[in-house]
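Reader: I have the sequence and the model open side by side. Please take me through the ligand site, the sheet and the charged pairs.

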Amino acid sequence: MAEHLIAAKDLRLRLDGRDIFHIPEFSLQRGEVLALVGPNGSGKSSLLLTLALLQEPTEGTVRFDGRPAGRDNALALRRRMALVFQEALLLDATVRRNLMIALRLRGVTGREAEQRANRWLDRFGIAHLASRKARRLSGGEAQRTSLARAFALEPEVLFLDEPFASLDYPTRRSLLGELGKLLKDMNMTTLFVTHDYTEIPYLADRVMVLYEGRIIKTGSVRQVFGDQIVERKVWAPWEDAE
Ligand SMILES: Nc1ncnc2c1ncn2[C@@H]1O[C@H](COP(=O)(O)OP(=O)(O)O)[C@@H](O)[C@H]1O
Ligand SMILES: [Mg+2]
């Protein structure tokens, strides 16, 4: 078992002749919740998609569990991951079907699939919505479904790209609290992307600040945000770089 679940060196992405990011060194340890924070357009989603093997880097290789990812094994490695985006991306089916279909695509069927679906719908407080059509859900309910679906897959790593960005404040607050506790309880290896740095204290062990495609700061939540984190009144860490 490799020390880092995900690691990369000199990872670069260029698109349309523009440098999107250059990351000299990246690692995500098992059981760690890493927050990737930075303003809009800093390259967070591009980096997340690259680490999740959905975007091929221009230079460098992503290593998953010690093995270099390439075209030959990317699909198999992606089956060990789960992603949640800002939009819930649900199928036009019931909440339960959304989980069952995702499970079947990963080869989980029958009683095992049913039990996992029930367990995670329950855990995210949406068991009563199991028969509801996904398109009739509120934003918060849809995102709960999307999270329940991701957890039901029992991934080795969870990628979250601004999962709360389109939710209203009270919904975001309660989901953040619940998710933070769950990630800790499960020891889930997680890359959490956000431009809203006030979300970080709820979730992260470690923070990486991305600005114009470069990591300008990395460390514990306290190292990056200092004492201000206690009051949850934090400044944007990229303000220094401007
Ligand atoms: N497919 C693409 N082709 C060209 N440029 C892109 C593409 N995807 C993203 N970009 C550019 O890369 C930069 C970083 O985007 P993104 O990774 O979405 O940032 P963030 O998630 O931090 O907002 C932006 O300037 C964006 O316009
Ligand atoms: Mg983004």
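Reader: Which elements each supply at least two residues of the shell around ligand 1?
Author: This is a predicted model. The shell includes Arg18, Ile20, Lys44, Ser45 and Ser46. Strand β2 spans 18-29 and helix α1 spans 44-51. The elements that each give at least two shell residues are β2 and α1.

Reader: Which element gives the most to the shell around ligand 1, and with how many residues?
Author: Among the residues around ligand 1 are Lys44, Ser45 and Ser46. Helix α1 covers 44-51. The top contributor is α1, with 3 residues.

Reader: How do the residues of the shell divide into nonpolar, polar and charged?
Author: Leu15, Ile20 and Pro39 are in the shell, and such residues count as nonpolar. Asp16, Arg18 and Lys44 are there too, and these types count as charged. The division is 3 nonpolar, 6 polar and 3 charged.

Reader: Which residue has an N or O atom in its side chain 2.5 Å from an oxygen atom of ligand 1?
Author: Glycine 43 approaches through a backbone N or O atom, 3.1 Å from a ligand oxygen. Lysine 44 uses a polar side-chain atom, at 2.8 Å from an oxygen of ligand 1. The 2.5 Å distance belongs to the side chain of serine 46.

Reader: What share of the area that ligand 1 exposes when taken alone does the protein bury?
Author: Serine 46 has a side-chain N or O atom 2.5 Å from a ligand oxygen. Taken alone, ligand 1 exposes 560 Å². The share of this area buried by the protein is 63%.

Reader: Which strands stand at the edges of the open sheet?
Author: The sheet has 4 strands, paired antiparallel in the order β2-β1-β4-β5. An edge strand has a single partner, so one of its sides is left without a neighbour in the sheet. The edge strands are β2 and β5.

Reader: What is the bridge partner of phenylalanine 64 in β5?
Author: Strand β4 holds residues 62-64 and pairs with β5 over 2 bridges. That pairing is antiparallel. On β5, which spans 67-68, the partner of phenylalanine 64 is arginine 67.

Reader: How many residues apart in sequence are the parts tied together by glutamate 154 and arginine 116?
Author: The two form a salt bridge, with the closest N and O atoms 3.6 Å apart. Glutamate 154 is in the loop between α5 and β7, while arginine 116 is in helix α4, so the pair joins parts separated in sequence. The separation is 38 residues.

Reader: Is arginine 116 buried or exposed?
Author: Its partner glutamate 154 is partly exposed, at 43% relative accessibility. The cut-off for buried is under 20%. Arginine 116 has a relative accessible area of 9%, so the answer is buried.

Reader: Which helices are tied together by aspartate 185 and arginine 123?
Author: Their side chains meet in a salt bridge at 3.6 Å, N to O. Aspartate 185 is partly exposed at 46%, and arginine 123 is partly exposed at 41%. The parts joined are 62 residues apart in sequence, and the helices are α6 and α4.

Reader: What separates lysine 181 and aspartate 185 in helix α6?
Author: Lysine 181 also bridges to aspartate 185, with the closest N and O atoms 2.9 Å apart. Lysine 181 counts as exposed, at 53%. The two residues are 4 apart in α6, so their separation is about one helical turn.

Technical notes: Residues numbered from 1 in each chain as written. Chains lettered and ligands numbered in written order. Predicted model: local features only at pLDDT ≥ 70, side-chain atom pairs only at ≥ 80, totals over all residues. Heavy atoms only, no water. Near = heavy atom within 4 Å. Polar contact = N/O pair within 3.5 Å; in protein donor to acceptor, adjacent residues only side chain to side chain. Areas by Shrake-Rupley, 256 points an atom, 1.4 Å probe, with all protein chains shown as cover. Pairing = 2+ DSSP bridges. Salt bridge = Lys/Arg side-chain N within 4 Å of Asp/Glu carboxyl O. Buried < 20%, exposed > 50% of the residue type's maximum accessible area, 1.4 Å probe, protein only.
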